[in-house]
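Please read the points below alongside the sequence and the coordinates. They are set out as a colleague's note and take up cavities, cysteines, aromatic rings and one strand in turn.

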Amino acid sequence: FPFPYEPYGVQERFMAALYGALETGRVGIFESPTGTGKSLSLICGALSWLRDFEEKKWQEEARLLSLENGTNEGMKPVTSAEPGHPDSKDPAGEPDWVTAFIQKKEERDMVNKLKEEQVRRKKREERLEKIRHNVQLKYATKRKRCEEDETKLLLQLSKEILSEGGEVLEQLDRNEEELILADYESDEEKKGLSGVEEDDDLEEEHVTKIYYCSRTHSQLSQFVREVQKSPFGKDTRLVSLGSRLNLCVNEEVRRLGAVQLINDRCVEMQKNKHEKKSHEESEGKKRRVSRTVCPFYSYEQMQFLRDEVLVEVKDIEQLVALGREAKACPYYGSRYAIAAAQLVVLPYQMLLHGPTRSAAGIKLKDQVVIIDEAHNLIDTITCIHSVEVSGSQLCCAHSQLSQYMERYRKRLKAKNLMYIKQILYLLERFVAVLGGNVNQNPNCQAVSQTGTVLKSINDFLFQSQVDNINLFKVQRYCEKSLISRKLFGFVERYGGRATAVKTNKENQKLTGLQSFLLTVQQVPSKEGIPQVPPMEAENDQLRTASPLMVIEGFLSALTNANQDGRVVLNRQGMVGQSSLKFLLLNPAVHFAKVVEECRAVIIAGGTMQPVSDFREQLLFSAGVDPARVVEFSCGHVIPPENILPIILCSGPSSQQLEFTYQTRDQPQMMDETGRILCNLCNIVPGGVVCFFPSYEYEKQVYAHWEKTGLLTRLAAKKKIFQEPKKANQVEQVLVEYAKCIKRCSQAAGQMTGALLLSVVGGKMSEGINFSDDLGRCVIMVGMPYPNIKSPELQEKMAWLDKRVPRSAGQAPSRVLIENLCMKAVNQSIGRAIRHQKDFASILLLDRRYARPATFNQLPQWIRERTQVKPSFGSAFAELRK
C-alpha cells in the first residue's frame with residue numbers, strides 16, 4: 001500500500017483486512033484505537049482497492065473492445081438458419097439462429113455501452129486536464145460572469161421602469177405576494193417540476209466510488225486534510241458534501257440562521273427560477289410579481305465549480321471560498337461533482353436519512369460506504385428519525401396557520417384551503433390528546449393526568465381520531481407547497497414585537513396576531529382572552545424556526561411502519577410543557593437499504609466494543625447474512641509500559657467500592673471517593689480527569705466534599721474545574737484547564753496541575769483529546785448504567801426481548817443495558833492515550849468491573865494490560881511507579 005511514511009504493523013494489518021473486505025463485498029466492523037493513524041489506514045487501504053478495481057475494469061473493457069474489433073472482420077453474418085436444418089431448435093423452443101442473434105445483440109449493446117462510457121471518460125479527463133493547466137480558461141469564465149451580471153442589472157432596471165404603470169389586484173406589495181401559496185395540484189394530477197437542466201447532469205454514469213461519512217463538520221475537514229497529505233492527494237477526485245447551512249454563499253439566505261428555513265428558502269428560490277419563464281409569458285400585464293431568484297444558482301458557474309472541485313482535493317472551507325469567488329453555489333456545484341467523484345465525504349445524516357440521500361443525488365447501488373466514528377451509530381440512526389413537538393409549538397402553529405388562512409382566504413384556491421383545514425384539524429386533535437384546548441393559552445392549561453404513556457402509531461392515530469386522514473398526502477402537500485416557509489414569512493412580517501398596531505381598515509384583522517405576539521411571556525389577561533404564547537416562551541432554539549416545520553417532521557415520522565416505532569405522550573403540568581414524541585425502535589429498517597444496495601459497508605471507530613449490538617440490532621435485523629459480517633480489531637501502537645489500567649475494588653479505608661443506586665449516596669462512599677482522589681492528586685503530574693455517571697451525582701458529591709472540607713484539600717494540589725452543562729461554555733473551560741496545567745508545569749510550586757470533574761456521555765467524554773499532560777490519569781467513578789426507569793428505555797428493552805434471540809443465556813434487554821454502560825466507559829477512558837509516545841493511568845473505581853462478562857467488554861488493548869487490585873495500597877504503589 002502506498003503510504004506517506006513507514007506504516008505501523010497495526011496499520012498494515014488494518015489496510016490488508018480492509019482491502020479484503022472491500023474486494024469480497026463484506027460488511028466490516030473495524031476497530032482501531034485513536035492515535036494509531038486510523039484515518040490514513042482507511043484512506044490508503046480503500047483508495048488502493050479502488051485504484052486496482054478501476055484498473056481491472058479497464059482491462060476487462062479493453063479486452064471486450066478488442067474482441068469486438070477482432071471478431072467484426074472474421075464474423076459470418078447471422079442471417080438465417082443453415083439450409084440443411086430450416087428450423088433446428090434449442091431446448092427452450094427458440095430456433096438456434098434466434099438465440100444466437102439475441103446473444104450477439106446483447107454483446108453488441110454491451111460493447112456500445114462501453115464505447116460510450118469510454119468517450120465520456122475521455123471527455124471528462126480532457127476537460128479536467130485542460131483546467132489543471134489552463135489559467136486563461138478561468139479568467140474567460142470570470143469575465144463572462146461579470147458581463148452577465150451587468151446585463152441582468154440593466155434588464156432588471158428597465159423592467160422596473162415599465163412595471164410602474166401596471167395595476168394590481170388588492171394592493172399587496174411584492175414581498176407579500178410571495179407569501180401566497182401557489183395553486184396546488186397533487187402528484188396524480190401533474191408530473192412534478194423537473195429540477196435544474198437535467199439532461200446535462202445525466203451525461204455521466206456514476207463511477208464506482210467510496211462514500212466516507214463521519215459525525216461532525218470538523219472531523220470531515222480533518223479527514224480531507226489527511227487525504228491531501230496522502231499519496232493519493234494529487235489524483236483523487238474528491239468532493240465534500242455539506243448542508244446548506246455550511247455551504248450556502250447567499251448572505252440574504254444565510255442570515256435566516258436555522259437549517260430548515262435556509263433549506264426552504266433555497267428550494268423556493270429555485271422554484272421561482274423555473275416558474276419565472278412560464279409566468280412572464282402567461283401573466284402579461286395582469287400583475288407583475290418580482291420573485292427572488294438566487295444569483296449563485298447559475299448553471300454555467302456551477303458546472304465550472306464542479307470541474308474545479310474534481311481537479312484538486314478541497315475541504316468545505318476551500319469549497320465555500322471558491323463558490324464566493326466564482327459566484328456559484330457550492331451546495332449544488334458539489335452535487336454535480338458526485339457522479340464523477342471517486343471519494344465523497346459527507347456527514348452522517350446525509351447518508352443515513354433516505355429522503356436527504358435521494359435529494360442529494362447519492363446513489364448507493366454497488367458503491368462502498370465507510371462510516372467512521374461509528375461507536376454510536378445505532379443512537380445516531382434513532383435520533384435522526386425521532387422527532388418531538390411540544391404543546392406550545394402545536395398551539396402556536398395552529399394560531400399562526402388560522403390567521404394566515406383568514407388573511408389570504410380570498411386568494412387561496414380550494415385545494416390549498418382543503419389541506420390547510422386538514423392540518424389545522426390534526427393540530428387541534430394532537431393538542432386534545434395532550435389534554436388541552438387549542439384555543440387557550442397552553443401555558444395556563446393544567447393537564448389532568450400527568451405522566452408518560454407510549455402508544456403504537458396506529459393506537460395513537462385512533463386515539464387522536466385522525467386515522468381517517470391520509471398522512472402521506474398531507475406530508476407531500478407540506479413538502480411541495482412550502483407552506484411552512486410561507487407561514488414563517490407571514491409571521492416575520494406581521495408578528496414583530498415592535499410592530500405598532502395600525503388602525504386602518506386593511507390591518508384590523510392583523511391586530512389579533514400582533515397583540516398575541518406582544519403578549520410574549522406576559523401573564524394572561526383577566527378577561528381570559530385566548531392568547532397563544534409564541535415560541536420565545538420555549539427555548540431559544542425554536543425562535544429560529546417556525547413551529548410548523550417541526551410538526552411536519554413529526555407527521556412524516558408517523559408514516560413509519562406501525563411495529564417499528566412508538567409515540568410517546570409526555571404529559572407534564574401544563575399543556576405547553578407537554579409533548580408528543582416519535583421514538584424509532586428499529587434502526588435496522590433505515591439501515592437495511594444502505595446494506596442491501598452497497599457493494600461493501602465498513603463501520604469503523606476507535607472503540608467499537610462491545611460489538612454485539614451492532615451485529616444483532618443493526619446488521620442481522622436488517623437481513624445481513626452472518627457470513628457476510630467480518631470483524632477486525634487491532635491493538636495500540638504504544639509500548640505496554642505506557643498505560644496502567646487498574647480495577648480498584650476497595651479504597652484507602654478498606655471501604656468496598658460498589659456504586660449501585662442504593663449505596664452511592666452514602667456519605668462513606670463519597671468520602672472514600674474523595675480520599676482516593678486526594679491520594680492520586682498528590683502523585684499524578686499534570687491533568688486528572690474524573691468521570692461521574694451523571695450530572696446529578698457529580699453535583700451531589702461536589703456539595704458533600706464542600707461540606708466536609710475535602711474540596712479545600714484537593715484544591716491545594718490541583719485547581720478544580722467542572723464540566724459545564726451548556727455546550728457553548730465547554731471550549732472556555734477546556735482552555736482554562738489547559739492553561740492552568742501549562743502554568744503549573746513551568747512554575748515549580750505546590751500546585752501540580754488541574755482536576756477536571758466530568759460526566760460520562762457529557763460534552764467531554766467524546767471527541768475531545770486529553771493528550772499528554774492534559775490527561776495523565778483518567779478515573780471512572782462507578783458504572784454509568786442508563787436510567788432503567790425511563791419509559792423509552794423500557795419500551796426498547798421489551799421490543800428487543802420480543803424481536804432478538806437470547807445470546808449466551810442472557811436476555812437481549814440485559815445485554816443492551818450492559819452494552820450501553822460499557823460503550824460509555826470505553827469512550828471516556830479512550831480519551832487519555834492519543835499518540836505513540838503518550839502515557840497515562842486509568843482507574844476504574846468499582847469492583848463490578850472485575851466480573852468476567854464486564855471485563856471482556858473493555859477494548860482489547862486496555863484489557864490485556866489491566867490489573868485487578870483488591871486493596872488500595874498495592875494499586876497506589878503501582879501508580880506511584
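**Notes on the interior, the rings and one strand**

1. The cavity search returns five cavities of 30 Å³ or more, and it should be kept in mind throughout that the model is a predicted one. The largest cavity holds about 150 Å³ of space. Its lining is made up of 14 residues, of which Cys248, Asn250, Cys266, Cys294 and Cys329 are the closest to its centre.

2. As to where that lining comes from, helices α10 (259-283) and α13 (330-336) each contribute at least two residues to the wall of the largest cavity. The largest share belongs to α10, which supplies three residues.

3. With cysteines among the residues closest to the centre of the largest cavity, the question of covalent links arises: how many disulfides does a search of the whole structure find? The search finds zero. Cys329, for instance, is in no disulfide, and the nearest cysteine sulfur, which belongs to Cys266, is 6.1 Å away; the cut-off for a disulfide is a sulfur pair within 2.5 Å, so this pair does not qualify. Cys329 is buried, with a relative accessible area of 10%, and Cys649 is likewise buried, at 13%.

4. Aromatic contacts deserve a separate look, since the count comes to 22 aromatic pairs. In one of them, the ring centres of Tyr404 and Tyr408 are 5.1 Å apart and the planes stand at 70°, so the pair is classed as edge-to-face. Both residues belong to helix α17 (residues 391-408), where they are four residues apart, about one turn of the helix. Tyr404 and Tyr408 are both buried.

5. Which geometry do Tyr419 and Tyr477 adopt as an aromatic pair, stacked or edge-to-face? Their pair is stacked, with 4.5 Å from centre to centre and 10° between the planes. Tyr419 sits in helix α18 (residues 414-433) and Tyr477 in helix α20 (residues 471-481), so this contact ties together parts that are 58 residues apart in sequence. Both of these tyrosines are buried. Elsewhere, ring pairs link Phe14, Phe30 and Phe632 into a cluster.

6. Two contacts between a charged side chain and a ring may also be noted. Lys725 lies over the face of Tyr695, at 5.1 Å from the ring centre. In the other case, the charged end of Arg776 is placed over the ring of Phe839, at 3.7 Å from the centre of that ring.

7. Strand β8 (residues 565-571) is mostly covered, seven of its seven residues being buried. Gly565, Val567, Leu569 and Arg571 point one way from the strand, while Arg566, Val568 and Asn570 point the other way, and burial applies to all of them. A reader inspecting this strand may therefore wish to look at both faces, given that Arg566 and Arg571 are among the buried residues.

8. The neighbours of β8 complete the picture. Strand β7 (residues 451-456) runs antiparallel to β8 and is joined to it by six bridges, and strand β9 (residues 579-584) is also antiparallel to β8, again with six bridges. Val567 shows how the strands line up: in β7, Lys455 stands opposite Val567, whereas in β9 the bridge partner of Val567 is Phe582.

Definitions and conventions
Residues numbered from 1 in each chain as written. Predicted model: local features only at pLDDT ≥ 70, side-chain atom pairs only at ≥ 80, totals over all residues. Heavy atoms only, no water. Buried < 20%, exposed > 50% of the residue type's maximum accessible area, 1.4 Å probe, protein only. Pairing = 2+ DSSP bridges. Phe/Tyr/Trp six-rings, centres within 6.5 Å; stacked < 30°, edge-to-face > 60°. Lys NZ or Arg CZ within 6 Å of the ring centre and 35° of its normal. 1 Å grid on protein atoms, 1.4 Å probe; cavity = no way out; pocket = protein on both sides within 12 Å on 5 of 7 lines; lining within 4 Å. Points joined across faces, edges and corners; volume = space filled by probe spheres on them.
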